Structures are given as structure tokens and as C-alpha cells.
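Reader: Could you walk me through how to read a few features of a protein model, with the general idea and then the case at hand?

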Amino acid sequence: MSGVDHLHELLGLPAVDFQHATKETPVQAADAAAWRISVDPYDDECEMTWEEAFQAFVTAVDPAGVRALIIGQWGESYEETSSYPIDLVIAAADRLTSLEAVFVGDITPEQNEISWIEQSDVTALLTAFPGLLELGVRGGTDLVFSATKHERLRSLTIETGGLPVGVIRGILDSELPALERLDLWLGVSAYGGDADVADLAPLLSGSRFPRLHHLGLRNSEVQNEIAAAVAGAPVVAQLRTLDLSHGTLGDEGAAALLDGQPLTHLERLDLHHHFMTEPMERRITQALETHGMQVDVSEREEPWGGRGAEGRYTAISE
């Protein structure tokens, strides 16, 4: 499964693993890193729980200075939900007074497959931290995003092998007036991705998030249908970057993009991991790059078993 790796940064800060297994004082200042706290339930040399690791962290690092926090493996994440680490972080909200970014579930396939990560209601973090600017989540199983109001959130990323339609509806029913970046990995129906293009209509209308300038609708098994909907969507006029990568996009979807509204105002169009033919790759790049756009058509894939459109697959599912 490509495309799923540990975060390298969050909030523009380098990701740094908190070394809870040692008693060494962290080298970085509290506000100079995106701190990743993770425990390995199968490491016999470290029997610390995530709670113990988190308590060690807020003891060793000035919690009032922490700006970005990455919640990594919290134990057997295929059994215990993310409410366990989330509740601990929320309980420390009176000490994490500068927190501006949280990512929940920075877990790689070697630790746990993306569709096996047990999530929970992540909007509890938005309620507890009104100053949050960025929120990211990996894993869609039991994920809940309740309709909420948050004045400052600028970036929301949901990475899944299958995104439940209830999460999409919760996001689109939320009041997020500062939202500038929205990245949704829609996934496949076999892993809980039960939304269809019609469920995206409020988003594509451009009326929900007036400050949105980056939109990612990625990793979908209906990427052609999404491309066709985007081609005529009012929201595109306000975007600077559009990401339709990691999915099953073929010549049909690419042609719809070219035949739809002008895209030449975009700075970047990302279509990597696709099923376009080489002539269509050339056509779309020549049509758009002449206007100064960056167009990524890398990672042309071949359908499984020579089955044509039925053999297309998303980059990330299990």
C-alpha cells in the first residue's frame, strides 16, 4: 500500500519522536517540533502505555510551548479506539495552551492497516482546543465527525481506505469559516467508503467554505465521476490547487476536466496514480502546463488482470 507513511512535518514543524523510553532531555524546544508520541505494544523492551508516554512527555517538555502534536500508535489500535489518546490530550488542555495542530493516527501499514485503525469522534479535539489551526486523521473505522463550529481551523485532512458518508455530512454541516485546505481520502466501498458524488454537492457548490483554496478528493474508486462533477463545480473558481490523485481516474475523467470549466487559474493539478493512457497524459499536460500550471500525471497504473476499467484500483484501501 503506497502513499501511507509517517508524517515528516505538521504545522510546518519537523516531526520528532518523543523518546519516552529514555530519560534524556529533549534537544528541541517545545515549540520547535511536531511531537510524535507512539508506543509499540509488541516491543518487549518498552512496556510503557501511551498514557505513561504522554505523561512523560508533558513532564519533560514544557506543555505550554507545544504547538503541534502527533498521536502515533497508541497500543493495539485495531482494538482500542482513538478516544483513549484523545481523552488524555483533552484532559491536558489547560496545560497545552499553545496547541495549534493535532494529527490522530500516524500509523503505517507495518503497524496497522489504515482501514483497521479504530477511530472515534475527533471533533472533541475541536471543542477542547478553540485555537486549533490544523486537524488530521488517519483511519475511517468508527470515525465520527459531528457537525461542529470552529472559528480558527484552517486545514482538515481525513485519510482513509473508506470514508463513511456520515463523516462527510458532518464536515459539510459544520461551520468552519476559516477553512482553507480540505483533503479527503474517499476510499472504496469494501472498506466503508459509502458516499457517492451527490453527497459532495454542498462542497462542490462553493457555498460551504468561502476561504477554501485547496481541495483534495482523493483515493476514490469513482474518481472519473468525481472529476466530471468537479469539471462543472462552482468551488473550482476559488481554488489554487486541486488534488484528484490516488484513485481510478482514466481517460473519461481527464476528458471531463478538459471539457469543463477553465482550470488555467490553478497553480497545481495533482492526478498521480491514475489509469490514463499516454496520449491523454500528453493532452492534459500540454493543455494546462502552457498556462504555467504544475500538472502531476506520474504513476500511470495498469488494471489488474487486464480487466480494463473493472481492474482499476485505488492506491490505498486496506
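Author: Gladly! Let's start with contacts: two residues are in contact when they have heavy atoms within 4.5 Å. Keep in mind that this is a predicted model. Leaving aside neighbours within four places in sequence, G311 is in contact with P303 and W304.

Reader: Where is G311 found, and is it buried or exposed?

Author: G311 is found in the segment after β12 (294-296). With a relative accessible area of 0%, G311 is buried, because buried means under 20%. As for its distance to T248, which is 63 residues apart from G311 along the chain, the two C-alpha atoms are separated by 9.3 Å.

Reader: Thanks! What does H214 touch?

Author: Not counting residues up to four places away in sequence, H214 touches E180, R181, L182, D183, L239, T241 and D243. H214 is found in strand β9 (residues 214-220), and at 6% relative accessibility it counts as buried.

Reader: How do I read a helix in the same spirit? Which residues of α2 are buried?

Author: List the buried residues, then look down the axis. In helix α2 (residues 83-91) the buried ones are P85, I86, L88 and V89. Seen down the axis of α2, they fall within an arc of 160°, so they line one face of the helix. What covers them includes α1 (50-60), β4 (68-74), β5 (101-104) and α3 (123-128).

Reader: Now for aromatic rings. How many aromatic pairs does a search of the whole structure find?

Author: The general idea comes in one sentence. A pair of aromatic rings is described by the distance of the centres and the angle of the planes. Here, a search of the whole structure finds six aromatic pairs. One of them is formed by W35 and F57, which is tilted, at 5.7 Å centre to centre with 55° between the planes. This pair links distant parts of the chain, with W35 in strand β3 and F57 in helix α1, 22 residues apart.

Reader: Why do W35 and F57 count as buried?

Author: Buried means under 20% relative accessible area. W35 has a relative accessible area of 1%, and F57 has 0%, so both fall under that cut-off. Ring pairs also link F18, W35, W50, F54 and F57 into a cluster.

Reader: What about aromatic residues on the surface: which ones form a nonpolar patch?

Author: Y42, Y78, W116 and Y191 do, with about 430 Å² of accessible area together. Y42 is found in the loop between β3 (34-39) and α1, and it is partly exposed, with a relative accessible area of 48%.

Reader: Last topic: salt bridges. What is the count, and which residues are joined into one network?

Author: The count comes to 17 salt bridges. R36 forms one with D106, the closest N and O atoms being 2.6 Å apart. That pair links distant parts of the chain: R36 is in strand β3 and D106 in the loop between β5 and α3, 70 residues apart. Both R36 and D106 are buried. D106 also meets R138 in a salt bridge, at 3.3 Å from N to O. R138 lies in strand β6 (residues 134-138), 32 residues apart from D106, and at 2% relative accessibility R138 counts as buried.

Reader: And R211?

Author: R211 forms a salt bridge with E180, with the closest N and O atoms 3.3 Å apart. At 47% relative accessibility, R211 counts as partly exposed. To finish with the network, salt bridges that share partners join D17, R36, D106, R138 and E159.

Key: Residues are numbered from 1 along each chain as its sequence is written. This is a predicted model: local features need pLDDT of at least 70, side-chain atom pairs count only at pLDDT 80 or more; totals for chains, interfaces and linings use all residues. Side-chain values use heavy atoms; hydrogens and water are left out. Helices (H or I, at least four residues) and strands (E, at least two) are DSSP runs, numbered from the N terminus. Buried means under 20% relative accessible area, exposed over 50%, partly exposed in between (1.4 Å probe, protein chains only). The arc is that of the directions from the helix axis to the C-beta atoms. Patches are made of residues with over 30% relative accessible area and no salt bridge: like charges are joined within 9 Å, nonpolar side chains (Val, Leu, Ile, Met, Phe, Trp, Tyr) within 5 Å. Accessible areas come from the Shrake-Rupley method with a 1.4 Å probe; for residues, only the protein chains shown count as cover. A salt bridge is a side-chain nitrogen of Lys or Arg within 4 Å of a carboxyl oxygen of Asp or Glu. Rings of Phe, Tyr and Trp (its six-membered ring) pair if their centres lie within 6.5 Å; planes under 30 degrees apart count as stacked, over 60 as edge-to-face and the rest as tilted.
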